[in-house]
Amino acid sequence: MADEGMQSWKTLALGCAMTEPGSSKRFNTGDWRSGRRPVTDREKCIKCGKCYILCPDMCYSPDPEAEGYYLWDSFYCKGCGICIHECPKDAISWQDEKEEDTHGAACGS
Ligand code: SF4
Ligand code: SF4
């Protein structure tokens, strides 16, 4: 029985096919969050950068107005909780999502 529209593995090119490099930037993985978001308490933060390094969606970026601290991006945060789990000072915790938590909102705000 032939699968219409399916290619045989023998005819596929080796490796993956990236038809549009950089397209993941448009994926709103923040859509996956369900009612809560991570919030940083800067009083507890020791600026170690683990949240920045370990977030799988690169939601944290250096705060240009406060050296060593990070900004959080709601557009990409899927709410996995890795940053909360990995923060050595328990400086990040869940908070109920608010209407004003939009793209680019600062952590600790
Ligand atoms: S992991 Fe915690 S202590 Fe380290 S920079 Fe992020 S918020 Fe601050
Ligand atoms: S909850 Fe997950 S996706 Fe969101 S900022 Fe933390 S590590 Fe990144």
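This report describes the fold, the ligand surroundings and selected residues of a predicted model.

**Overall architecture**

The chain contains two helices and four strands. Read from the N terminus, these elements follow the order β-α-β-β-α-β. Of the 109 residues in the chain, 17% are buried. Among contacts with a separation of 6 or more, 75% join residues that are 24 or more positions apart.

The average pLDDT of the chain is 86, and 86% of the residues score at least 70. Residues 103–109 have a pLDDT below 50, although this stretch has 19 contacts in the model beyond near neighbours in sequence.

**Nonpolar core**

The largest nonpolar core consists of 14 residues, and Cys51, Cys59, Tyr60 and Trp72 have the most contacts inside it. Strand 3 (residues 70–72) supplies the largest share of this core, namely three residues. In soluble globular proteins, nonpolar side chains tend to be buried together. Leaving out residues up to four places away in sequence, Cys59 touches Trp72, Asp73, Tyr76 and Cys77.

**Ligand surroundings**

Ligand 1 is surrounded by 13 residues, of which Cys45, Cys48, Lys50, Cys51 and Cys87 are the closest. By class, the shell around ligand 1 comprises eight nonpolar, two polar and three charged residues.

Around ligand 2 lie Pro38, Cys55, Asp57, Cys59, Cys77, Lys78, Gly79, Cys80, Gly81, Ile82 and Cys83. The shell of ligand 2 divides into seven nonpolar, two polar and two charged residues. Cys59 belongs both to this shell and to the group with the most contacts inside the largest nonpolar core.

**Lys50 and Cys87 beside ligand 1**

Two of the closest residues to ligand 1, Lys50 and Cys87, can be described further. Lys50 is located in helix 1 (residues 50–54), while Cys87 sits in the loop between helix 2 and strand 4. Not counting residues up to four places away in sequence, Lys50 touches Glu86, Cys87 and Pro88. With the same kind of neighbours set aside, within four places in sequence, Cys87 is in contact with Lys50, Cys51 and Ile92.

Distances between C-alpha atoms show how these residues are placed relative to others remote in sequence. Lys50 and Glu86 are 36 residues apart in sequence, with 7.0 Å between their C-alpha atoms. For Cys87 and Ile46, the sequence separation is 41 residues and the C-alpha to C-alpha distance is 9.6 Å.

**Exposure and backbone conformation**

Two residues other than glycine have a positive phi: Lys47, at about 60 degrees, and Asp90, at about 50 degrees. Lys47 lies in the loop between strand 1 (36–40) and helix 1. Asp90 is found in the loop between helix 2 (82–86) and strand 4 (92–96), the loop that also holds Cys87.

The table lists the exposure classes of four residues discussed above.

| Residue | C-beta neighbours inside 10 Å | Class |
|---|---|---|
| Lys47 | 13 neighbours | partly exposed |
| Lys50 | 17 neighbours | partly exposed |
| Cys87 | 21 neighbours | buried |
| Asp90 | 9 neighbours | exposed |

The classes follow from two cut-offs: a residue is buried with 20 or more other C-beta atoms within 10 Å of its own, and exposed with 12 or fewer. Cys87 counts as buried because it has 21 such neighbours, whereas Asp90 counts as exposed because it has 9. Lys50, with 17 neighbours, is therefore partly exposed, and Lys47, with 13, is also classed as partly exposed.

Notes
Residues numbered from 1 in each chain as written. Chains lettered and ligands numbered in written order. Predicted model: local features only at pLDDT ≥ 70, side-chain atom pairs only at ≥ 80, totals over all residues. Near = placed C-beta within 6 Å. Nonpolar A, V, L, I, M, F, W, Y, C, P; charged D, E, K, R; others polar. Contact = placed C-beta atoms within 7 Å. Core = buried A, V, L, I, M, F, W, Y, C linked by C-beta atoms within 7 Å. pLDDT = per-residue confidence, 0-100.
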